[in-house]
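Got your viewer open? Let's take a short walk through this model, one selection at a time.

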Amino acid sequence: MQQFQKRWHNSKYLMLLFLPALIYYLLFKYVPMFGILISFKDYNTFKGVWASEWVGLKYYSLFFHSPDFLKLLKNTVLLGISKVVFGFPAPIILALLLNEVRRATLKRLVQSISYLPHFISNVVVVSMMFLFLSPTSGLVNNVIQWFGYDAMNFMQNEDYFRAIYILSEIWQHVGWETIIYLAALSAIDPQLYEAARVDGANRRHQLLHITIPGIRPAIIILFILNIGHVLDIGFEKVLLMLNPSIYATADVLSTYVYRTGIQSMNYSYATAIDLFSSIINLIFILTANWISRRTSETSLW
């Protein structure tokens, strides 16, 4: 007890700084977990959670046997994996490129320009996409027609949805996510580069044997966290891009939960679907962390 009081006294200011984050997670992350009970009940808003009838796994069974189950799971997994495969390396590449820039003014300019899209709301981003890809007046179709081809309605074509979504995500967040890697790069000892240059190593050798190994722990940790969000597709952007003509590839679990839970007010069914996707994400992150712990010295726990 005395040891605890001593540690508390020595760390009281750090604990005060941590307190707002603790309150946030308790109120908005842990307390709402109580709501998962309604996925096992035939929830009635007038009866409340406790008075509603228990139905067990009824809504999970309904979802697994639904004709939309495989389509929704396929669309969500493909979009999530595509985001990891193409979106995860982008900030790493940008950080490595910026690290090679010797002019501080140019480096700051590129960083500022790449950061800015992160602060643009998804509503504005999707509006810009509709404007640029418009089949009548969009810049992209104007260029296509200038080369002698017919204009295409990209936003109404299911074959282009994933590519448009992934590219917009990379453009919007690549600069912001680069901050972590730039911080990791700044922690690498400059003497390592000096010693490598003395030994005759060129920039490619320094990149492969000093820079990338130096940021490997950050890469592994962020990769594990990204794997844990494979099914956690950005709901707002997909919903804003969604229209009936692209449901075959664009309809994902989060938009389906919105339609069934909010629009159709089938709260138990929507909660069951959302809990299912959370469990799958948990399995992904546990598996990725286990593999990382077995194959390297870096893991979340």
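**First stop: a loop between two helices**

Start by selecting methionine 265, which sits in the loop that links helix H15 (253-263) and helix H16 (267-295). Keep in mind as you look around that this is a predicted model. Is methionine 265 buried or exposed? Its relative accessibility is 54%, and the cut-off for exposed is over 50%, so methionine 265 counts as exposed. Now check the backbone here: phi of methionine 265 is near 60°, which is a positive value in a residue other than glycine.

**Second stop: into helix H16**

Move along to serine 277, which is found in helix H16. Serine 277 has a relative accessibility of 8%, so this residue counts as buried; the cut-off for that label is under 20%. Which residues does serine 277 touch, if you leave aside its neighbours within four places in sequence? Select Leu231 and Leu253: serine 277 is in contact with both. Try a distance label on that second partner. Leucine 253 and serine 277 are 24 residues apart along the chain, and their C-alpha atoms are separated by 7.7 Å.

**Third stop: serine 114**

Next, jump back to another serine, number 114, in helix H7 (residues 104-115). With 14% relative accessibility, serine 114 counts as buried, because that value falls under the 20% cut-off. Show the side chain and look for the backbone oxygen of glutamine 111: the side chain of serine 114 reaches that oxygen at 2.9 Å. Then, ignoring neighbours within four places in sequence, highlight what serine 114 is in contact with: Leu94, Gly175 and Trp176.

**Last stop: two helices side by side**

Leu94 is a handy link to the final view, as it belongs to helix H6. Colour H6 (residues 89-100) and H7 in two shades. Their axes come within 10 Å and cross at roughly 160°. How do H6 and H7 run relative to each other? Angles over 145 degrees count as roughly antiparallel, so that is the label for H6 and H7. Turn the view a little and look at the handedness too: H6 passes H7 in a left-handed crossing.

Finally, show the side chains where the two helices meet. On the H6 side, pick Leu94, Leu98 and Asn99; on the H7 side, pick Lys107, Val110, Gln111 and Ser114. Colour them by type and you'll get three nonpolar, three polar and one charged residue in this contact.

Technical notes: Residues numbered from 1 in each chain as written. Predicted model: local features only at pLDDT ≥ 70, side-chain atom pairs only at ≥ 80, totals over all residues. Heavy atoms only, no water. Helix = DSSP H or I, 4+ residues; strand = E, 2+ residues; numbered from the N terminus. Buried < 20%, exposed > 50% of the residue type's maximum accessible area, 1.4 Å probe, protein only. Polar contact = N/O pair within 3.5 Å; in protein donor to acceptor, adjacent residues only side chain to side chain. Contact = heavy atoms within 4.5 Å. Axes fitted to C-alpha atoms, helices over the stretch in contact; angles between N-to-C directions. Parallel < 35°, antiparallel > 145°, perpendicular 65-115°, else oblique. Left-handed = near helix turned anticlockwise from the far one by under 90°. Nonpolar A, V, L, I, M, F, W, Y, C, P; charged D, E, K, R; others polar.
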